[in-house]
Amino acid sequence: MAETAAPERSHWRYKRGLGGEMLAEVLGTFILLLLGCGSVAVAVAALPESGRQMTDFGPANWLIIIWGWGFGVVFGVYAAGGVSGAHINPAVTLAFAVRRAFPWYKVVPYWFAQVVGAFLAAALVYAVYAPAIDSYNASEGIARAESLDTFSIFATFPAEYFGGGWWGPMLDQIVGTGILVCLICALIDTRNMAPASNVGPFLIGMVVTVVGLTFGPNAGYAINPARDFGPRLWTYVAGWDEIAFPGSYEWFSWYFWIPIVGPLVGGVIGAVVYDLFVGHVLTERSRPEVGRVPE
């Protein structure tokens, strides 16, 4: 008798569709946050408290952070790109849906997966660096709930020169995320000068790097709602209290929503700008001209 194929396990079937894409988004965002937050932990707490750095936080520490986030994007996209497209950023997901390059019914599941990945990564970074964090707070003579420096390992806050205003950080997040999404659209558009082979994720990571180099100090260049919100949830659970939620400190208050709304708005604007100035031009050029007599 001919052998019959074993029935597929029903609890694995979901991985073929949206369930598998969500798992990939969890992992991709997890890798992004693990390397990104890990780099901040090194620069803020681990190097000073390990005895390997004698000077105060300075430009070299900032470069550690910038490159950590840049390469976090690179490897997060490489890990998840083949399954989910590796959005690993709710602003990217929303922008793609607005430009009709992504189905709307997947937006909220992707957002959920991205926040879960970010939350889990923050928890793991904390587990690894808790001794350094506690040592840093003890050295500074400050309680965890009042330590903005160690909070910054996980989530973002605005520069003091904004004077507690919301518009400056909001504009910063809109511009930074707009640049990111506009250039992502350019890098993945095969009608344009999209990179060959599979170097696209590396160049997308370099976009995040250059955003950090040019707009980072204003508000920590979250440019990704999940990147800020997931770790912010963790810091609230872990004892940073009001600095995490509602996001209040000496010179800012109720800040938590800025790194969510700003990137979502900026991402849509970035996608619209790319399509308006380049995408629609490429679309028109690809259409055959009706009635044109061949030469």
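How much area does the protein chain expose, and what share of it do carbon and sulfur atoms supply? The exposed area is about 14700 Å², and carbon and sulfur atoms supply 66% of it. Accessible areas here come from the Shrake-Rupley method with a 1.4 Å probe, and for residues only the protein chains shown count as cover.

Before we go further, a word on the model. This is a predicted model, in which local features need pLDDT of at least 70 and side-chain atom pairs count only at pLDDT 80 or more, while totals for chains, interfaces and linings use all residues. Residues are numbered from 1 along each chain as its sequence is written, and side-chain values use heavy atoms, with hydrogens and water left out.

Let us start with the overall fold. The protein chain has nine helices and zero strands, where helices (H or I, at least four residues) and strands (E, at least two) are DSSP runs numbered from the N terminus. Along the sequence, that gives the pattern α-α-α-α-α-α-α-α-α. The radius of gyration is 21 Å, close to the 19 Å that the globule rule gives for 295 residues, so the chain is as compact as a globular protein of that length. That radius is taken over C-alpha atoms, and the globule rule is 2.2 Å times the number of residues to the power 0.38. Taken along the principal axes, the C-alpha atoms fill a box of roughly 80 × 65 × 35 Å.

How is the chain packed? Of its 295 residues, 48% are buried; buried means under 20% relative accessible area, exposed means over 50%, and partly exposed is in between (1.4 Å probe, protein chains only). Among contacts between residues at least 6 apart in sequence, 77% join residues at least 24 apart, a contact being heavy atoms within 4.5 Å. The chain also carries 15 positive and 21 negative side chains, and the centres of the two sets lie 15 Å apart. In this count Lys and Arg are positive and Asp and Glu negative, with His and the chain ends not counted; the place of a charge is NZ of Lys, CZ of Arg, CG of Asp or CD of Glu.

Helix α3 is a good place to look inside. This helix spans residues 90-98 and is mostly covered, with eight of its nine residues buried. Among them are Pro90, Val92, Leu94 and Phe96. Which helices do the buried residues of α3 pack against? They pack against α4 (107-140), α6 (167-188), α8 (225-238) and α9 (258-286). In the loop between α2 (59-84) and α3 you can find alanine 86, which has a positive phi of about 50° although it is not a glycine. Alanine 86 counts as buried, at 8% relative accessibility.

Moving on to helix α4, we meet two residues worth a visit. Tyrosine 136 lies in this helix and is buried at 12% relative accessibility. Not counting residues up to four places away in sequence, tyrosine 136 touches Val44, Ala45, Glu49, Asp149 and Thr150. Asparagine 137 is in α4 as well, and is buried with a relative accessible area of 5%. Leaving aside neighbours within four places in sequence, asparagine 137 is in contact with Ile142, Arg144, Ser147 and Thr150.

In helix α7 (residues 200-219) sits leucine 203, which is partly exposed at 31% relative accessibility. Its C-alpha atom is 9.6 Å from that of valine 73, although the two are 130 residues apart in sequence.

The loop between α8 and α9 holds some backbone details. Aspartate 241 lies there and has a positive phi of about 50° although it is not a glycine. Proline 246 is also in this loop, and the peptide bond leading to it from phenylalanine 245 is cis, with omega near 10°.

Finally, consider the aromatic rings. The structure holds 21 aromatic pairs. The rings of tyrosine 249 and phenylalanine 252 have centres 6.0 Å apart and planes at 35°, so this pair is tilted. Rings of Phe, Tyr and Trp (its six-membered ring) pair if their centres lie within 6.5 Å, and planes under 30 degrees apart count as stacked, over 60 as edge-to-face and the rest as tilted. Tyrosine 249 is partly exposed at 25% relative accessible area, whereas phenylalanine 252 is buried at 5%. Elsewhere, Phe119, Tyr126, Phe154, Trp234 and Trp240 form one aromatic cluster.
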